[in-house]
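These are my notes from one sitting with a single model. I looked up helix packing, strand pairing, a few single residues and the nonpolar cores.

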Amino acid sequence: ERIYEYSCSQPEKDAIIIDKCYTYKDLWDRTVDCVKMLNESVGERDNVLIKADFTLDFIINMFAISILKAVVVPYSRDISENNLNGLKKELGAYEINELNRKEVDYDVNDFPTENDSHMILYTTGTTGKKKGVLHTYRSSIYTYYKYAYGPGINNETKMLISLPLNHGNGLRHLETVLYNGGTCILLPETYDLKKMFFLCRQ
């Protein structure tokens with residue numbers, strides 16, 4: 001819903017920078033197109049697995065699944081096939097790439113409510129077995145407030161993100177910046193310090 005609002009109030013502002021700059025209008029228009037392609041294949045409250053790679057497609061798919069009131073389950077781009085199949089079985093989930101895509105009209109302004117399920121994020125398993133934590137939109141929004149309060153994230157923020165997007169820290173920073181109308185610069189190559197410092201200067 002915030003992406004739609006910003007696509008109206010600041011359409012030409014950069015939202016995501018990966019290989020090139022994508023504005024809030026780009027982000028919303030591509031999300032609407034994705035919703036229309038997926039809405040016949042995705043049901044409300046379905047658990048939908050999405051590979052959390054550093055691409056615009058991941059972000060667009062994540063937003064589209066949310067608008068369709070299904071549950072986003074981001075998984076590591078390095079996951080083994082065996083572990084991915086285990087997630088499917090454990091959650092009764094399916095992978096977004098397995099879906100048939102056919103363009104059908106959909107009311108994209110019928111947004112989920114605060115009490116709807118939003119996302120399942122898996123813990124790192126440092127205290128034992130990894131656990132899937134279900135977040136509602138209400139809990140996600142409170143998380144955005146928490147992340148924004150400390151560093152003062154607002155619509156002037158430009159944040160460089162290189163943390164994994166299947167984990168709370170990286171993904172929540174991405175969402176918080178976009179929720180507040182700022183700009184996210186995605187850098188998957190965390191080892192490339194020259195590129196990181198170059199982007200910081202830019």
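I note at the outset that this is a predicted model.

**Helix packing.** I began with helix α5 (residues 137-149) and helix α6 (residues 168-179), which pack at an angle of about 85° with their axes 9 Å apart. An angle of 65 to 115 degrees counts as roughly perpendicular, so I entered α5 as roughly perpendicular to α6. I then listed who makes the contact: from α5 it is Ser140, Ile141, Thr143, Tyr144, Tyr145, Tyr147 and Ala148, and from α6 it is Gly168, Asn169, Arg172, His173, Glu175, Thr176 and Tyr179. Sorted by class, this contact has six nonpolar, six polar and two charged residues.

**Strand pairing.** Next I checked strand β6 (residues 117-122). Five of its six residues are buried, so I recorded β6 as largely enclosed by the rest of the structure. β6 runs antiparallel to strand β7 (residues 132-136), and five bridges join the two. I looked up one bridge partner: Met119 is matched with His135 in β7.

**Thr31.** I found Thr31 in helix α2 (residues 24-38). Its relative accessible area is 1%; the cut-off for buried is under 20%, so Thr31 goes down as buried. Setting aside neighbours within four places in sequence, I listed its contacts as Ile60, Phe63, Ala64 and Ile67.

**Arg77.** I placed Arg77 in the loop between β4 (71-75) and α4 (81-91). Its relative accessibility is 40%, so I logged Arg77 as partly exposed. With neighbours within four places in sequence left aside, Arg77 is in contact with Lys51, Ala52, Asp53, Phe54 and Pro188. I also checked Arg77 against Pro164: they lie 87 residues apart in sequence, and their C-alpha atoms are 8.9 Å apart in space.

**Nonpolar cores.** Which residues of the largest nonpolar core touch the most other members? Of its 47 residues, I got Ile16, Leu27, Leu38, Val42, Ile65, Leu174 and Leu178. Helix α3 (residues 56-67) supplies the largest share of this core, with nine residues. I followed up Ile16, again without neighbours within four places in sequence, and found it in contact with Cys21, Tyr22, Leu27, Leu56, Ile59, Leu174, Leu178 and Cys184. Last, I noted a second, separate core of ten residues, among them Leu49, Val71, Val73 and Tyr75.

Key. Residues numbered from 1 in each chain as written. Predicted model: local features only at pLDDT ≥ 70, side-chain atom pairs only at ≥ 80, totals over all residues. Heavy atoms only, no water. Axes fitted to C-alpha atoms, helices over the stretch in contact; angles between N-to-C directions. Helix = DSSP H or I, 4+ residues; strand = E, 2+ residues; numbered from the N terminus. Parallel < 35°, antiparallel > 145°, perpendicular 65-115°, else oblique. Contact = heavy atoms within 4.5 Å. Nonpolar A, V, L, I, M, F, W, Y, C, P; charged D, E, K, R; others polar. Buried < 20%, exposed > 50% of the residue type's maximum accessible area, 1.4 Å probe, protein only. Pairing = 2+ DSSP bridges. Core = buried A, V, L, I, M, F, W, Y, C linked by side-chain atoms within 4.5 Å.
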